[in-house]
Amino acid sequence: MANIKSQMKRNRQTEHRYARNKAVRSELKTRAKQAVEAAEAGNAEEAEELLTVAQKRFDMAVTKGVLHKNTAARRKARLTAQVRSLIG
């Protein structure tokens, strides 16, 4: 446990950021899974809509500093390829 006041504050900030980042990462997984499940069910229109939402969430995670931009780009590309292969 830290004894220095500035380190105590830093620890509190880290906990706060960790919780926020965890929520964002969890949402990314949920959105991606919803898009894939819709594509597997054969619902092409809904799958495309959910794919767009998932891509937007990936971009938002980049702006919040949760993901690196190349990581988000890679995940978006893989998700798009997976959904499109299941649809068509």
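Student: In this predicted model, which side chain meets that of Arg31 in a salt bridge?

Tutor: Arg31 lies in helix 1, and its partner lies in helix 1 as well, 4 residues apart and about one turn of the helix away. Arg31 is partly exposed, with a relative accessible area of 24%, and the partner likewise counts as partly exposed, at 28%. The salt bridge, 3.2 Å from N to O, joins Arg31 to Glu27.

Student: How are helix 2 and helix 3 oriented to each other, roughly parallel or roughly antiparallel?

Tutor: The axes of helix 2 (residues 44-63) and helix 3 (residues 69-87) come within 9 Å and cross at roughly 175 degrees. Angles over 145 degrees count as roughly antiparallel, and the two helices are therefore roughly antiparallel.

Student: Which residue of helix 2 meets Arg84 in a salt bridge?

Tutor: Arg84 lies in helix 3 and its partner in helix 2, so the pair ties together parts that are 36 residues apart in sequence. Arg84 counts as partly exposed at 45% relative accessibility, as does the partner at 28%. With 2.9 Å from N to O, the side chain that meets Arg84 is that of Glu48.

Student: Which helix gives the most residues to the largest nonpolar core?

Tutor: This core has 18 residues, and those with the most contacts inside it include Leu28, Phe58 and Leu79. Leu79 touches Ala32, Val36, Leu51, Ala54 and Phe58, not counting residues up to four places away in sequence. Helix 1, helix 2 and helix 3 each give two or more residues to the core, and the one that gives the most, with 7 residues, is helix 1.

Key. Residues are numbered from 1 along each chain as its sequence is written. This is a predicted model: local features need pLDDT of at least 70, side-chain atom pairs count only at pLDDT 80 or more; totals for chains, interfaces and linings use all residues. Side-chain values use heavy atoms; hydrogens and water are left out. Axes are lines fitted to C-alpha atoms, for helices over the stretch in contact, and angles run from 0 to 180 degrees between N-to-C directions. Angles under 35 degrees count as roughly parallel, over 145 as roughly antiparallel, 65 to 115 as roughly perpendicular and the rest as oblique. A nonpolar core is a set of buried Ala, Val, Leu, Ile, Met, Phe, Trp, Tyr and Cys residues joined through side-chain atoms within 4.5 Å. Buried means under 20% relative accessible area, exposed over 50%, partly exposed in between (1.4 Å probe, protein chains only). Contact means heavy atoms within 4.5 Å. A salt bridge is a side-chain nitrogen of Lys or Arg within 4 Å of a carboxyl oxygen of Asp or Glu.
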